[in-house]
Each structure stands twice: as C-alpha cells, then as structure tokens.
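Me: I would like to work through this structure slowly, one question at a time, and to see the reasoning behind each reply.

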Amino acid sequence: MVLLRALDHQLPFSEIYRTTVFAAGVNCLTPFQAGELLRAEMWHARGITRHSGYGVVVIERVLDLATIILLAQLALVFDSSLRPALPIHYVLPGLLVLAG
C-alpha cells in the first residue's frame, strides 16, 4: 500500500486486501509464488501500470528476503549453539551487506 502510494497510485484498502488475499490463495495452489504475478495483473485491471505493479511485487520480495537474512544473521550472532557449526567468515559478509 505504501509502495503504491509512493508511485502516486490510489487504490482503496479493500481492493488491496482483496487482491492480496486472492494472491495468497493462488500461491498455495501454484508453484513459484505465481499468485504474486496475478496480483500485479489484477492491479493492472484497476488502472495501475504493469511496470509499477511488477515493480512493487519485486520490491516486496526483495524486502522479504532482506528481512529473512537479517533475522538469520541475528540468530547466528546471538545464539551460541549455532556458532561452532558456522565459522565467522560465513557470518561476516552477510553482516557487511546488511550494514551496507
């Protein structure tokens, strides 16, 4: 919703919610998160350009990945039981990328 507003696209919350829930349902039935692509197409039917729709989907996936990496790095730093199994030269590059 915030990303769409940053691109000057106004959709009511109910439309965003409806497309997100529908895409989540399709994601359960199809491989490779195909529902996300369908969500962008549903936004296109409501007046949002395909470039903007797919761009928002890609940015959301990148932010999701960055969050997962950050949580994994924090788990490695703060959970002492994981440290012996993973040397610091595996952890440090991830921390440097996130500090970036």
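Me: How many salt bridges does a search of the whole structure find?
Reply: The model is a predicted one, and side-chain atom pairs count only at pLDDT 80 or more. With a search of the whole structure, the number of salt bridges found is seven.

Me: Which residue forms a salt bridge with Arg 39, and are the two partners buried or exposed?
Reply: The partner of Arg 39 lies 21 residues away in helix α4, whereas Arg 39 belongs to helix α3, and the pair thus links distant parts of the chain. The closest N and O atoms are 2.4 Å apart, and the partner is Glu 60. As for their surroundings, both Arg 39 and Glu 60 are buried.

Me: Which residues are linked with Arg 39 and Glu 60 in a network of salt bridges?
Reply: One of the links in helix α4 joins Asp 64 and Arg 61, which sit three residues apart, about one turn of the helix, and their side chains meet at 2.2 Å, N to O. Along with Arg 39 and Glu 60, the network takes in Arg 61, Asp 64 and Glu 36.

Me: At what angle do the axes of helix α3 and helix α4 cross?
Reply: Helix α3 covers residues 34-45 and helix α4 residues 50-78, and their axes come within 8 Å. The contact includes Arg 39 of α3 and Glu 60 of α4, and by class it has six nonpolar, two polar and six charged residues. The crossing is right-handed, and its angle is roughly 145°.

Key:
Residues numbered from 1 in each chain as written. Predicted model: local features only at pLDDT ≥ 70, side-chain atom pairs only at ≥ 80, totals over all residues. Heavy atoms only, no water. Axes fitted to C-alpha atoms, helices over the stretch in contact; angles between N-to-C directions. Helix = DSSP H or I, 4+ residues; strand = E, 2+ residues; numbered from the N terminus. Left-handed = near helix turned anticlockwise from the far one by under 90°. Contact = heavy atoms within 4.5 Å. Nonpolar A, V, L, I, M, F, W, Y, C, P; charged D, E, K, R; others polar. Salt bridge = Lys/Arg side-chain N within 4 Å of Asp/Glu carboxyl O. Buried < 20%, exposed > 50% of the residue type's maximum accessible area, 1.4 Å probe, protein only.
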